[in-house]
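Biologist: I am new to this structure and would like to go through it slowly with you. Could you show it to me before we begin?

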Amino acid sequence: MRLARRAAHFVLALLLVGVNLNGAAAGQRGRTQTPPAVAASPAARPRLVLLIVVDQFRYDYLERYGDLFTGGLRRMLRDGANWTNADYDHMPTYTAPGHATLMTGTWPAETGIIGNEWYERDTGKRVTSVTDTTTKALGGEAQEAGASPRRLLASTLGDELRLVTNDRAKVVGISLKDRAAILPVGRHASAAYWFSTQSGRMISSDYYFNQLPAWVTAYNDARPADNYFGARWERLLPDTGEYERRTGPDAPMWENIGTAKDTNTFPHIVTGGASAPGKDFYGALDYTPFSNDLLVSFAEQAIEHEQIGQDADTDLLSVSFSANDYVGHRFGPYSQEAMDITLRVDRQIGALLDYVDAHVGLQHTLVVFTADHGVAPIPEHATALGLSGGRINGTEVLTAVRNATKARYARPNEAKDTTADYALDTFLNGNVYFNTVALKRDGIDRAELERVACEGALTVPGVARCFTRTQLERGGVDAAVDPVARRVLHGFNQRRSGDIVLVQEPYKYFTEGTGFTPATHGTPYSYDTHVPVLFMGRGLMPGRYAQPATPADIAPTLAALLRVQAPSNATGRILVEAFGSK
């Protein structure tokens, strides 16, 4: 009996072991047969990044006139992500530095584009941001100079797109202004086109190709600009009272347009004082919304003939509307003309978006809308409002600097002023440059001279602050707590900037040269720095975002959305608060 029970226990144990083994094997088979989790494939990249820039478009235009919008801006405000507190974090706030910031994602200290123009120490010449004597213009008059992005020191988003696609991505810039066409698209762009006021044609340079594409030549041969000769710029809205309620009378006392061959009241007849199309007319056309119409038609031709946005490689098209800047300079930001061109550019952007939707598909497009800077009120207008406006003559600044320098360094009993050549006869972007050869000749300590020059400059009424080269190079400003100093620092490039940098009081202008400009910009103050930053496209949640932002954030954000390398010197942040499904 005992043997039988032991045998039964042994058989039962074997059965239990077999069950466990089978279960373990079955479990193992179950695990090995379960397919591993498959990572979701990334969404297809957009076919097109469309950067829309309106030159001199203050953010408050969106709030002041937004209820009157019916076109592209209305669409972007409704369907896009809108950063309401976006400010440039550099000074000077001019066209070239702003456009360079947009697609590099950084400020002038890194891009090297410290102004529209500056004094070049190596050559002793005044140069522009796109001066390039090694290039020639294509499509214009024989005497027209070429231009290129060679002075831009950082890569752009377009450059990165070209690199990652082995040059298959098409990157094209379009504007009335050469710098506004060239700088956003970078050093390795496919093309950049701008308007020639000498010939009335859209031109380029041999930096990009040996001859203009055939479609551009055909566009120019049709002479589209000439169609606007004698055109009447009337108010867009039939209710003229709407303009008076929002901006005041058509021709206030401070609206002095100087010697321009135009009137300061509607309607504006576009001839430039000429009897037929020519350079006077083409120059006058810049100051009207009709030149924006010209850009839209050219951009549409570029999309069609360059096959922009037609394949899987993301292309980039930058369109910068310059007419708003010209109108703002002539009539000021609180004029009926500025209001009218703002309403018109809303519709022009709408027409461009409709064309993109029909030929590329907005569902395949990332759209960005922004501006390169704002603008201050006309100083005489500011004064009338009690805002202490004024104009500071650059010649007076240089005189004050030289007087202080002479008082400190002139040798007694010498008939000749040996200090007269210490400061160069150049005042640009609020910068004063020293003659380093003269300083070395006389054994002058530069840091001490900077302090003396600042003391002199600060005696000029309207000059608020003065920063020295030594101070900016050696960390002598507290950028964390002093926003004005930070913006000066971000605008300072060691090789290209001057030896002292001046900041005027709010609502005051520095004047350079003999030309009269009714309204301008360039300061670190909100009326010049606060601009729109709007994104519209897949992957971004529409809405208003109050987080602080800057146009330098645009390129890093686009790079993150496109999953490409950010531009080389990018310092902006990724605007992650709007990331999500749409």
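Modeller: A term to start with: buried means under 20% relative accessible area, exposed means over 50%, and partly exposed lies in between, with a 1.4 Å probe and protein chains only. This is a predicted model, in which local features need pLDDT of at least 70 and side-chain atom pairs count only at pLDDT 80 or more, while totals for chains, interfaces and linings use all residues. Residues are numbered from 1 along each chain as its sequence is written, and side-chain values use heavy atoms, with hydrogens and water left out.

Biologist: Is Ala100 buried or exposed?

Modeller: Ala100 belongs to helix 4, residues 95-104, where helices (H or I, at least four residues) and strands (E, at least two) are DSSP runs numbered from the N terminus. Contact means heavy atoms within 4.5 Å, and Ala100 touches Thr111, Ile113, Leu152 and Leu183, not counting residues up to four places away in sequence. Because its relative accessible area is 0%, Ala100 is buried.

Biologist: Where does Asp55 lie?

Modeller: Asp55 counts as buried because its relative accessibility is 0%. Its contacts, leaving aside residues up to four places away in sequence, include Thr95, His99, Lys177 and Asp372. Along the chain, Asp55 lies in the loop between strand 1 (48-54) and helix 2 (60-65).

Biologist: Which helix gives the largest share of the largest nonpolar core?

Modeller: A nonpolar core is a set of buried Ala, Val, Leu, Ile, Met, Phe, Trp, Tyr and Cys residues joined through side-chain atoms within 4.5 Å. The largest one has 138 residues, of which Leu50, Ile174, Tyr193 and Phe369 touch the most other members. The largest share of this core, ten residues, comes from helix 13 (residues 336-359).

Biologist: Which residue in strand 16 is the bridge partner of Phe427?

Modeller: Two strands pair if DSSP finds at least two bridges between them, and strand 15 (residues 423-428) pairs with strand 16 in the antiparallel sense over three bridges. These two strands form a hairpin with two residues between them, and Asn429 in the turn has a positive phi of about 55°. In strand 16, the partner of Phe427 is Val432.

Biologist: Which residue of strand 18 stands opposite Val432?

Modeller: From strand 16 (residues 431-434), Val432 and Phe434 point one way and Asn431 and Tyr433 the other, and all are buried. Strand 16 and strand 18 run antiparallel and are joined by two bridges. Opposite Val432 in strand 18 stands Ile500.
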